[in-house]
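The following exercises concern the packing of helices in one structure. Each task is followed by a solution in steps.

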Amino acid sequence: MAALNITHEFLGAKVGGDFDMAGFKRRMAGMEAVIDKAMAEQTQLF
């Protein structure tokens, strides 16, 4: 959860240079989808 909060703050910051923000956002969305899927599969534990 902390990593997601840090990432959210990072995305809100202005980033210059050769950083590919669109690519970064795509990668983060992909990771979020994987996490969501894994968490959904864990509902039996709770």
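The model is predicted.

**Exercise 1.** Determine which residues of α2 are exposed on the side opposite its buried residues, and which residues are buried.

*Solution.* Arg26 and Lys37 are the exposed residues on that other side of α2. The buried residues of α2 are Gly23, Phe24 and Met28. Their arc around the axis is only 135°, so these buried residues lie on the same side of α2.

**Exercise 2.** Check whether the span of helix α2 agrees with its number of residues.

*Solution.* Helix α2 comprises 21 residues, 21-41. At 1.5 Å a residue, a span of 30 Å is to be expected. The C-alpha atoms at the ends of α2 are 30 Å apart, which agrees.

**Exercise 3.** Describe how α1 is placed against α2.

*Solution.* Begin with the cover: α1 (2-12) is included in what covers the buried residues of α2. Next, consider the axes of α1 and α2, which come within 12 Å and cross at roughly 160°. Angles over 145 degrees count as roughly antiparallel, and α1 is therefore roughly antiparallel to α2. The crossing in which α1 passes α2 is left-handed. Finally, α1 contributes Leu4, Thr7, Phe10 and Leu11 to the contact, while α2 contributes Met21, Phe24, Lys25 and Met28.

**Exercise 4.** Characterise Lys25 by its exposure and by its separation from Thr7.

*Solution.* Lys25 is found in helix α2. Its relative accessible area is 46%, which means that Lys25 is partly exposed. Between Lys25 and Thr7 there is a separation of 18 residues in sequence, and their C-alpha atoms are 9.7 Å apart in space.

Key. Residues numbered from 1 in each chain as written. Predicted model: local features only at pLDDT ≥ 70, side-chain atom pairs only at ≥ 80, totals over all residues. Heavy atoms only, no water. Helix = DSSP H or I, 4+ residues; strand = E, 2+ residues; numbered from the N terminus. Expected span 1.5 Å × (residues − 1). Buried < 20%, exposed > 50% of the residue type's maximum accessible area, 1.4 Å probe, protein only. Arc of directions from axis to C-beta. Contact = heavy atoms within 4.5 Å. Axes fitted to C-alpha atoms, helices over the stretch in contact; angles between N-to-C directions. Parallel < 35°, antiparallel > 145°, perpendicular 65-115°, else oblique. Left-handed = near helix turned anticlockwise from the far one by under 90°.
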